[in-house]
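Trainee: I would like to go through this model step by step, with questions on its strands, its core and its rings. Where should we begin?

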Amino acid sequence: MKNYQFLPGLLCQAAALACLNMGAAWAQSGVPAPAQQLAPVLVTGNPLANTDALQPGHLLAGDALTLRRGASLGESLDGLAGVSATAFGPNASRPVLRGLDGDRVRLLSNAGASIDASALSFDHAVPLDPLVVERIEVLRGPAALLYGGSAIGGVVNTLDNRIPRQRPSGLTGAVEGRLGGAAGERSAAVVLDGGSGAVAWHADAATRKSDDLRVPAHDFDGDRVNRVRNSASDSHGGAIGAALHFDSGFVGVSLDGFRKDYGVTVEPDVGIRMQRQRAAAAGEWRKPSGPITQLSWQLSRARYEHVEVEGDGAIGTRFSNRGTDGRVEARHTPLGPLTGLIGVQWEQAEFSALGAEALVPTSHTRSRALFLLEQYQRGALTLAAGVRRESVKVESDGDAPGAVEARFGAASSRSFSPGSVSLQAGYALAPAWRVQLSLGHTQRAPAFYELHANGVHIASGAYERGDASLGLERARSVDLGLRWQSGDSSLRLNLHQTRFANYISLAPTGAQVDVDGEAVPEYAFRAVPARLHGLELEGRHAFAQRLSGWQLAMSGQLDVLRGVDRSTGEALPRLAPLRVGLVLEARDGVWQAALDWRWSDRQDRVPTLDSATPSYQILRLSLARQFKLAGSDALWYVKLDNVGNQLAYNASTIATLRELSPLPGRSLLTGLQLRF
C-alpha cells in the first residue's frame with residue numbers, strides 16, 4: 001500500500017472542516033455562492049416532486065453555473081466531488097463519475113438521449129455549448145434507472161428551456177460574452193424566452209472560437225513547447241422552440257443544431273468537422289383525480305455526423321449516428337405514503353464509420369425498457385426503489401460487399417436482456433442530520449463498439465479491438481452517506497463501492513500492430529472482475545462575523561478513489577487520484593471574490609503498461625460584481641486560473657494523449673452576463 005506521509009495532515013484538515021460544520025461545498029466552483037439562490041432540488045432525480053426526495057448528486061444553476069462554465073461539459077463538471085473528466089484536449093471532455101466513463105455514464109438533454117458519438121472515443125466532443133444550458137444535474141441512485149440501464153456510473157442531464165414548460169410571462173432572457181482564458185476564447189450567447197396567452201416560445205444561439213491551448217513551457221519530444229498543438233476550435237449552434245399551454249398541461253416542439261470544427265491533438269494535421277441536428281417534442285397532462293395523476297412524454301430524433309479530415313483536405317473517416325429516443329411516464333395516485341410512477345422507453349440508433357480508417361462496422365442498436373420507481377415516506381423515514389427491465393439488440397452489417405480488407409466478418413446479431421434494481425433508504429436522525437443508504441444491482445449490454453471494433457483510431461493513436469463474445473456487464477453497488485445541514489453551513493460524507501462481475505475495459509495489450517509500415521499500440525476491450533471504492537467529503541461553513549465588511553465562507557472537499565482488476569490485482573486505468581480542495585469566499589454587497597486551492601496527488605496506481613501522473617497544486621482567483629445596466633441585472637466576472645503556472649497532467653486522460661495535452665497554464669478570462 002502506498003505510504004501517504006502527508007495523509008495525517010490532510011485528515012486533520014478534513015476534521016477541522018467538520019469541526020467548522022462545513023457542508024456540501026457550493027458546486028466546488030472556486031467562486032462565491034450565487035446571489036440568486038435556487039432551491040437545491042435535482043429535477044432529474046425527483047420525478048415524484050417530493051420535497052424530501054432522496055437526491056444523491058450535484059446541481060449547477062444560476063450564477064454558480066455562470067461562473068463555473070467551461071468550454072465543454074466535462075470541463076464544467078471536473079472537480080466536483082467524485083467527478084473528473086476525460087479531457088482529450090480542450091475540445092473533447094466527457095464527465096467521469098467515480099471512475100466510470102463512456103457508455104456507463106448516461107448523457108441526457110432535457111431527460112432525453114443525447115445522440116452522438118462521444119462514448120465511442122475520447123476525442124469525440126459532446127455536441128453542446130454550456131453557454132446556453134440553464135442547469136446541469138448529476139444523478140445517482142434509483143431514479144437514474146429511469147433514464148437508461150447503462151447508467152451504472154450515473155446520469156448527467158443538461159436542461160434548457162427549448163420546449164417551454166411554464167406559461168409565458170413577457171420577454172425574458174440573457175446575453176453573455178467571454179474573452180480570454182488559456183485558449184484565447186472568444187464566445188457569446190443569447191437566450192430569449194417569451195410569448196403571450198397560452199403560447200410560449202424560446203430561441204438561443206451561441207458561438208465560440210479558440211486558439212491552441214496555452215500551457216506552461218516544458219520539454220516534449222526534444223522541443224520546448226508552451227502550446228497544445230492542433231487544439232484550436234470554432235463552434236456555433238442555436239435552437240428554436242415553442243409550446244402550447246392549457247389548464248392541465250402543455251405540448252411543445254423544438255429544433256436545434258450544433259456544429260464544431262476542432263483539431264485532433266494526437267495528429268498535428270488532422271481535424272474533426274462535427275455537426276448534429278435534433279428535433280424534439282414533449283408534453284405533459286396533469287389530472288388531479290383518477291388512478292393516473294400525471295402523464296408525461298417526450299420524443300426526439302437526432303442526426304449526428306463528423307468527419308476526420310487529413311491535412312491535405314482528404315476525408316479519412318466519416319462517423320454517422322442517426323437515432324430516435326422516446327419515453328412515456330405515468331405517475332399514479334398516492335397510496336397513503338406511497339408515491340410512484342411507471343414508464344416505458346425505447347431507443348434505436350444506426351451508427352456507421354465509413355472510410356479507409358473505419359474502426360467499427362455499420363451497426364444497429366435497438367432497445368426497449370419498462371421501468372418503475374416507487375417512494376415511501378413516513379415521518380423521518382424515506383424509502384425508494386427502482387426497477388428496470390430491458391431488451392437490447394445489437395446488429396452488425398459486417399464487412400461491406402467488395403471490401404478490400406475483411407476486418408469485421410459476416411453480418412451478426414446479438415440480443416441481451418439486462419435488468420437492474422436499486423434500493424435506497426434515508427432517515428432523519430435529528431433535524432439537522434440525515435443518514436442515507438443505497439444498494440444497487442445493475443446490468444448493462446455491451447455497446448456496438450465494445451463488440452465489433454477492429455481498426456486504427458487516428459484520434460487516439462491506437463489499434464482498437466472489440467470482443468464479439470462479450471456478455472452483460474454486471475455490477476453491485478453500495479453507497480452510505482451522512483449529511484448535516486444548518487443554515488448556510490453543512491457537511492456531507494459518502495462511502496461507496498461498486499463490484500463488477502465482468503467490467504468491460506479498453507486497455508493496452510502490450511502488442512504492436514503494423515499499419516502501413518507503422519507500429520501502432522493495440523488496445524482491446526475485455527471483461528474482467530473489478531472493484532471500485534472511494535470516499536467523498538464535502539463541507540461549507542459560513543462565518544458569522546464579518547471581516548472589514550466582507551462576509552466570509554470557507555468550503556472544502558476531499559475525495560479518493562481506488563479501482564482494481566480482481567483477476568490480476570492491477571489498478572484500473574484512468575482513475576483520478578486523491579484530491580483535496582479548499583475555497584475561501586468573500587462577499588460585500590455587490591462584490592464577490594474567491595480564492596480556490598486544489599491539490600491532486602501523484603497517481604501511481606496504474607496498469608503495468610500505463611505511466612504515473614505527477615502530483616500538482618493549482619491556485620485560482622476570481623472576482624465578480626453585480627450591477628444594473630439599462631434596468632437589467634448584470635454580472636461581470638474575471639477569473640485568474642493556475643496562478644503559479646503549474647505544469648500538470650490529468651490522470652483520467654488516455655495515456656496516448658496525456659503528455660501531449662497538459663492542463664491549462666496561467667490565464668485570465670473575463671465575462672459579462674446581462675439578464676432581463
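Trainee: Which residue in the turn between β17 and β18 has a positive phi?

Mentor: This is a predicted model. Strands β17 and β18 pair in the antiparallel sense over 14 bridges, with R331 standing as the bridge partner of L341 in β18. The two strands form a hairpin with 5 residues between them. In that turn the residue with a positive phi, of about 65°, is G336.

Trainee: Which residue takes a positive phi in the hairpin of β16 and β17?

Mentor: Strand β16 (residues 292-309) pairs with β17 in the antiparallel sense over 17 bridges, and R301 stands opposite T324 in β17. The hairpin has 5 residues between the strands. Its residue with a positive phi, near 95°, is G313.

Trainee: How many of the 18 residues of strand β17 are buried?

Mentor: Buried here means under 20% relative accessible area. Strand β17 covers residues 315-332 and is largely enclosed by the rest of the structure, because the number of its residues that are buried is 13 of the 18.

Trainee: Which element gives the most residues to the largest nonpolar core?

Mentor: That core has 39 residues, and F88, F351, V360, F416 and Y449 touch the most other members. The elements giving two or more residues to this core include β14 (249-263), β18 (338-354), α4 (448-452) and β28 (518-542). The element that gives the most, with 3 residues, is α4.

Trainee: Which residues of α4 and the segment just before it does F416 touch, leaving out those up to four places away in sequence?

Mentor: F416 has contacts in several stretches of the chain, among them E390, S391, V392 and V394. L470, G471 and L472 are also touched by F416. The remaining contacts of F416 are A445, P446 and L451.

Trainee: Is H364 buried or exposed?

Mentor: H364 has its place in strand β19 (residues 363-378). The cut-off for a buried residue is under 20% relative accessible area. H364 has a relative accessible area of 15%, so H364 is buried.

Trainee: Which side chain makes a polar contact with the side chain of H364?

Mentor: Leaving aside neighbours within four places in sequence, H364 is in contact with A349, E350, K393, V394, E395 and D397. The side-chain polar contact of H364, at 3.2 Å, is with D397.

Trainee: What is the geometry of the aromatic pair of F500 and Y503?

Mentor: The structure holds 6 aromatic pairs. F500 and Y503 are both buried, and R104 lies over the face of Y503 at 4.2 Å from the ring centre. The rings of F500 and Y503 are 4.9 Å apart centre to centre with 70° between the planes, and an angle over 60 degrees makes the pair edge-to-face.

Trainee: Which residues do ring pairs link into a cluster?

Mentor: Two of the cluster members, F351 and Y449, are also among the residues that touch the most other members of the largest nonpolar core. Ring pairs link these two with three others, and the cluster is F319, F351, F448, Y449 and F525.

Trainee: Which strands stand at the edges of the open sheet of 5 strands?

Mentor: The order in this sheet is β1-β6-β7-β4-β5, and the pairing is mixed. Strand β1 is joined to β6 (residues 135-139) by 5 bridges and runs antiparallel to β6, with E137 as the bridge partner of L59. Each edge strand has a single partner, so one side is left without a neighbour in the sheet; these strands are β1 (57-61) and β5 (112-113).

Key:
Residues are numbered from 1 along each chain as its sequence is written. This is a predicted model: local features need pLDDT of at least 70, side-chain atom pairs count only at pLDDT 80 or more; totals for chains, interfaces and linings use all residues. Side-chain values use heavy atoms; hydrogens and water are left out. A nonpolar core is a set of buried Ala, Val, Leu, Ile, Met, Phe, Trp, Tyr and Cys residues joined through side-chain atoms within 4.5 Å. Buried means under 20% relative accessible area, exposed over 50%, partly exposed in between (1.4 Å probe, protein chains only). Helices (H or I, at least four residues) and strands (E, at least two) are DSSP runs, numbered from the N terminus. Contact means heavy atoms within 4.5 Å. A polar contact is a pair of N or O atoms within 3.5 Å; within protein, one must be able to donate a hydrogen and the other to accept it, and residues adjacent in sequence count only if both atoms are side-chain atoms. Two strands pair if DSSP finds at least two bridges between them. Rings of Phe, Tyr and Trp (its six-membered ring) pair if their centres lie within 6.5 Å; planes under 30 degrees apart count as stacked, over 60 as edge-to-face and the rest as tilted. A charge sits over a ring if NZ of Lys or CZ of Arg is within 6 Å of the ring centre and within 35 degrees of the ring normal.
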